[in-house]
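Trainee: I've got a chain to look at and could use some help reading it. Can we go through it together?

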Amino acid sequence: MAFEFIVSELAARRAASLLRQRQIIEQVDGRTLLVDGQPYLNFSSNDYLGMAHSDDLKLAAAQAAPDWAAGSGASPLVTGHSQAHAKLEAHLAEHLGRERVLLFNSGFAANQALIQTLMSHGGHILADKLSHASMLDGALASKAKLQRFRHNDMCHLAGLLASAAGDKLVISEGVFSMDGDAAPLLDISALCQQHQAMLYIDDAHGFGVNGDLGLGAGSMLEPAQLPLLMATFGKAIGTSGAFLAVPEDIYAYLVNFARHYIYSTAMSPLLAAITLTSLKLLQKQPWRREKLKENIQLFREKARQLALPLMDSQTAIQPLLIGDAQQSLTLCQKLKAQGIWVTAIRPPTVPQGSSRLRVTICASHTKADITALLDALARGMGNDA
Ligand SMILES: Cc1ncc(COP(=O)(O)O)c(C=O)c1O
């Protein structure tokens, strides 16, 4: 029978408690969601600063709606590139101190575009072992040799760089999406400079939250230290889409050769306008970042007291390491029964034996929400004696 793998691979996933399924989620506000009419406290959102559901952003959307089309109508090189896109790009370039910014419909596309296009003539890509799937897919679609260095291990990276040939690209994440820890940005950029390698950082989970005014990795390193930067709008910024911030020559190269940019309908102009407003609001509202920091501290302090299996993360991503996939799912079910929504992350997203609950803390959570989560976790894991 043709395509036999479909049945067998799905059966294998089901048997290993690794089958994925979607659910219709109704977002109520930044804190709660409804599933099948049932309310849950949401600890599975990347809307870290509570922007997506904020009154400020809803108002911005209503104000922008009469001026900008919902759809761009074409790819950027045809007739899809509008003033709304140009303004958003210019704002980002100015505030990040980068020469050029290019918008994409998703971080997945931006990562693939940059890596596949820049490394289309061969060379060497050195990727942190925990780099996002879209970066690895971009590397595999390029003509370069891909080698992965142990997570945040600068000695391993130095060794690989010393023996790498041709054009060299080092790729990593500002904040790692499943672990919540950060890349050693200064060390990694120093190594890149020493070995004439280009550094590319995916700051999907740091942008909006970390650094001066929430500008993330791009505000922590100069363009010479970090020439290639990507961040998404779908997390702390509260909208969706992504950008690349790059030097002038690479910008021109991408506009001419990046297939994901050239052959895809440009981002919605209305979304670009709302995204620009969100960026401006976030710069004017440091209280969101402060509240997030307080909530993270509160969660970690109490989780430590309860001896929960915290990982080494100071960010909004606070995974609890369970190990076994089925145990992670069972714990999620116990939390759901108590009105708490947390997602279990299982292989192949994370390595075998490292299934976890990916708890995300947001600025919109109250102290009572966090206490409710911790109480439910303690009950679920039997640590409440
Ligand atoms: C680190 C990282 N990079 C890239 C992406 C992809 O971004 P987008 O959702 O905009 O496609 C994600 C997840 O969404 C991510 O976690």
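**Reading the chain**

Trainee: How many of the residues of the chain count as buried, in percent?
Mentor: First, this is a predicted model, where local features need pLDDT of at least 70, side-chain atom pairs count only at pLDDT 80 or more, and totals for chains, interfaces and linings use all residues. Residues are numbered from 1 along each chain as its sequence is written, and side-chain values use heavy atoms, leaving out hydrogens and water. Buried means under 20% relative accessible area, with a 1.4 Å probe and protein chains only. Of the 385 residues, the buried share is 53%.

Trainee: Why is the chain as compact as a globular protein of that length?
Mentor: Take the radius of gyration over C-alpha atoms, and set it against the globule rule, 2.2 Å times the number of residues to the power 0.38. For 385 residues the rule gives 21 Å, so the chain is that compact because its own radius of gyration is close to this, at 21 Å.

Trainee: What share of the contacts with a separation of 6 or more comes from residues 24 or more positions apart?
Mentor: A contact here means heavy atoms within 4.5 Å. Among contacts with a separation of 6 or more, those 24 or more positions apart account for 70%.

Trainee: Which domains does the assignment give, and how many residues does each put into the contact?
Mentor: The bounds come from an automatic or database domain assignment. Domain 1 is 21–50 + 286–381, and domain 2 is 68–284. In the contact, domain 2 takes part with 18 residues and domain 1 with 20 residues.

Trainee: What distance separates the centres of domain 1 and domain 2?
Mentor: The centres are taken over C-alpha atoms. Their separation is 27 Å.

Methods
Buried means under 20% relative accessible area, exposed over 50%, partly exposed in between (1.4 Å probe, protein chains only).
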